[in-house]
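Here is an informal look at how two chains meet, and at a few local details worth a second glance. Have the viewer open as you read.

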Amino acid sequence: MANIISDETIDYVGILAKLALSDEEKEQAKKDMGRMLDYIDKLGELDTTGIEPMSHVFPVQNAFREDVVTNGDESEKTLKNAPGEKDNMFIVPITI
Amino acid sequence: MELLKYSAVELAAAIKEGKATAVEAMEATLSRIEEKDGEINAYVTIDRDAALAAAKEAQQKIDAGVLTGPLAGVPVAIKDNLCTEGMLTTCASKILENFVPTFSAEAVINLEKAGAVVIGKTNMDEFAMGSTTETSAYGETKNPWNLKHVPGGSSGGSAAAVASNECFFALGSDTGGSIRQPASFCGVVGLKPTYGTVSRYGLIAYGSSLDQIGPLTKNVTDCATVLEVLATHDTKDSTSVKREDTDFSSALVEDVSGMKIGIPRDYFGEGLDAEVKEAVLAAAKALEEKGAVVEEFDLSLVEYAIPTYYTIAAAEASSNLERFDGVKYGYRTSEFDGLHNMYKKTRSEGFGAEVKRRIMLGAFVLSSGYYDAYYLKALKVKAMIKKAFDDAFAKYDIILGPVAPTTAPKLGESLSDPLKMYLGDIYTISVNLAGLPGISVPCGKDSKGLPIGLQLIADSFQEKKLIQTAYTYERLRGAFGMED
């Protein structure tokens, strides 16, 4: 395997991805990611000098609209889905 | 059972003529589900009362002459990553186990406006990440042709529901083959439209630049008819394209004389099952005998499509799935220490292994230091793949090939080796990268009795050529379906 994923890398990816992995999951993730990256490295065979990266297949421009509210107040229905709510607000753990 | 044999368009016609009602059709569908779905598990959510009430309402509108379209009164199954107002929408994930949307996806609204009646929600790979419908948090779906095999994925529930007559048609979504491959494995018709043709509003995003919603149907006529209803310009989706040529059913013409069909040699090499190859080439031969001009060519870059796709799709997934944090909707872990710990524990407990794998890969290829080498490189190769298709479509109207290298694998064979599963997407994936339309039509069975799919690909916005060719082939092939 050409790509050796270190413990530090997996910990860093865990922070970026907001995932808490068990030791077992970390070991598996190191293997899986190393293998996928080896495979993705195949793209290195292609010379892409001078080629523009293509995000969208069609020329996509900003789709502007007037800043007008078109939907009604759905806060009650929306909050019904929340794991915690109080006084028309989402409850979250203390942040500071 | 007789009612269930109808195609969607045939059923609507029968209802229009007063030979059947929308309520009878829904009752027959619900009985069929009761009889069959215990073993198949195509559905994750069904609300019988709501379905029957909606059918009754549709019938009243038909009687009043308000609903006159070709899908009026027809029961439809919806993939569970499409929002349905007031009905559980889980993406087959634990993290959305209790999510009830406050609105419906535009595609669902378009169907309801046309008089189609929602039966329930179909099973899928969790967040549409998978090719077998085995990564669902709510149990695997089984292939109706052989219960020991997978139905394909990620729209496996939708494909299985159509194949087993548990609905008259279904909606799926296709990011790397997720409509066409399960259609192929279950012996039904599945179409992925040109990117931007169907609004993605209300589709829970996986890879936004690749995702498209499309129909899974019993035949090509239904497919064209459903697509015609789905294809509307929607300002709520900034990538929605305004098209004037959406009268797709006008392309249901039995004629391929002069149609230029290219067969990519690179689609018939190593890894392709011999029986699949034979069936697909026989379909090409049939079209040639009917007047199409068929020749082989080199598409090139085929082997680079999978690494390109998994880089881009994982990157977009890692960004799109950030919203599942246990605050606004869905699952929240029961014990935690502070906000960040709540996020991490919620996501770790809520997502399954395949979803976590792709989120991590995506976070990695987007991270500083690796962005240029992986993500940007993949976007450049995507441009090269698009150019290869542009060159091909300068010469051909249609590209013809297999949908998948094999027929449906056995349950439990795929998940142990993710990379091997990814390789099964080789013929479908570049179509998403290039934003093209593609259709899967049944073209035979292998010696195990499992269906084989023929894939036809057209240039952007050329769905009519696809439909015309697929329709002509379907007429040549004759009836195809399961014995009950």
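The notes below start with the interface, then turn to helix packing and the backbone.

## The model and its interface

Keep in mind that this is a predicted model. On the A side, 51 residues are in contact with chain B, and on the B side 63 residues are in contact with chain A. Putting the two chains together buries about 5100 Å². Carbon and sulfur atoms give 71% of that area.

There is a polar part to the interface too: between chain A and chain B, 16 residue pairs are in polar contact, counting pairs with both residues at pLDDT 80 or more. Three helices of chain A, namely α1 (7-17), α2 (23-40) and α3 (75-80), each supply at least two residues to the side that touches chain B. Of the elements on that side, α2(A) gives the most, with nine residues. Sort the residues on the side of chain A that touches chain B by class and you get 30 nonpolar, ten polar and eleven charged.

## Salt bridges

How many salt bridges does a search of the whole structure find? Over all chains, the search finds 33. Across the interface of chain A and chain B, the rule finds five.

One to pull up on screen is the pair A:E25 and B:K356, whose closest N and O atoms are 2.8 Å apart. A:E25 lies in helix α2 of chain A and B:K356 lies in helix α11 of chain B, so this salt bridge joins two chains. As for the chemistry, side chains of opposite charge can pair when their charged atoms come close.

## Helix α2 of chain A against α9 of chain B

Helix α2(A) also packs across the interface on α9(B), which covers residues 305-320. Their axes come within 9 Å and cross at roughly 130 degrees. The two helices are therefore oblique to each other.

Which residues of α2(A) meet α9(B)? They are A:M36, A:Y39 and A:I40, and their partners in α9(B) are B:I306, B:P307, B:Y310 and B:T311. By class, this contact has six nonpolar residues, one polar and no charged.

## A helix pair within chain B

Now for α11(B), residues 353-366, and α12(B), residues 371-395. These helices pack at an angle of about 105 degrees, with their axes 7 Å apart. An angle from 65 to 115 degrees counts as roughly perpendicular, and that is why α11(B) is described as roughly perpendicular to α12(B).

From α11(B), the contact is made by B:F364, B:V365 and B:L366. From α12(B) come B:Y371, B:Y374 and B:Y375. The residues of this contact divide into six nonpolar, no polar and no charged.

## Two backbone details

Most residues other than glycine have a negative phi, and most peptide bonds are trans. Two spots here are worth checking against that.

In chain B, a cis peptide bond joins B:G153 and B:S154, with omega about 10 degrees. B:S154 sits in the loop between β3 (117-122) and α5 (156-163) of chain B. In chain A, A:D87 has a positive phi, near 50 degrees, and is a residue other than glycine. You'll find A:D87 in the loop between β1 (85-86) and β2 (89-90) of chain A.

Note on methods:
Residues are numbered from 1 along each chain as its sequence is written. Chains are lettered from A and ligands numbered from 1 in the order in which they are written. This is a predicted model: local features need pLDDT of at least 70, side-chain atom pairs count only at pLDDT 80 or more; totals for chains, interfaces and linings use all residues. Side-chain values use heavy atoms; hydrogens and water are left out. Contact means heavy atoms within 4.5 Å. Buried area is the accessible area (1.4 Å probe) that two parts lose on being put together, summed over both. A salt bridge is a side-chain nitrogen of Lys or Arg within 4 Å of a carboxyl oxygen of Asp or Glu. A polar contact is a pair of N or O atoms within 3.5 Å; within protein, one must be able to donate a hydrogen and the other to accept it, and residues adjacent in sequence count only if both atoms are side-chain atoms. Helices (H or I, at least four residues) and strands (E, at least two) are DSSP runs, numbered from the N terminus. Ala, Val, Leu, Ile, Met, Phe, Trp, Tyr, Cys and Pro count as nonpolar, Asp, Glu, Lys and Arg as charged, and the others, Gly among them, as polar. Axes are lines fitted to C-alpha atoms, for helices over the stretch in contact, and angles run from 0 to 180 degrees between N-to-C directions. Angles under 35 degrees count as roughly parallel, over 145 as roughly antiparallel, 65 to 115 as roughly perpendicular and the rest as oblique.
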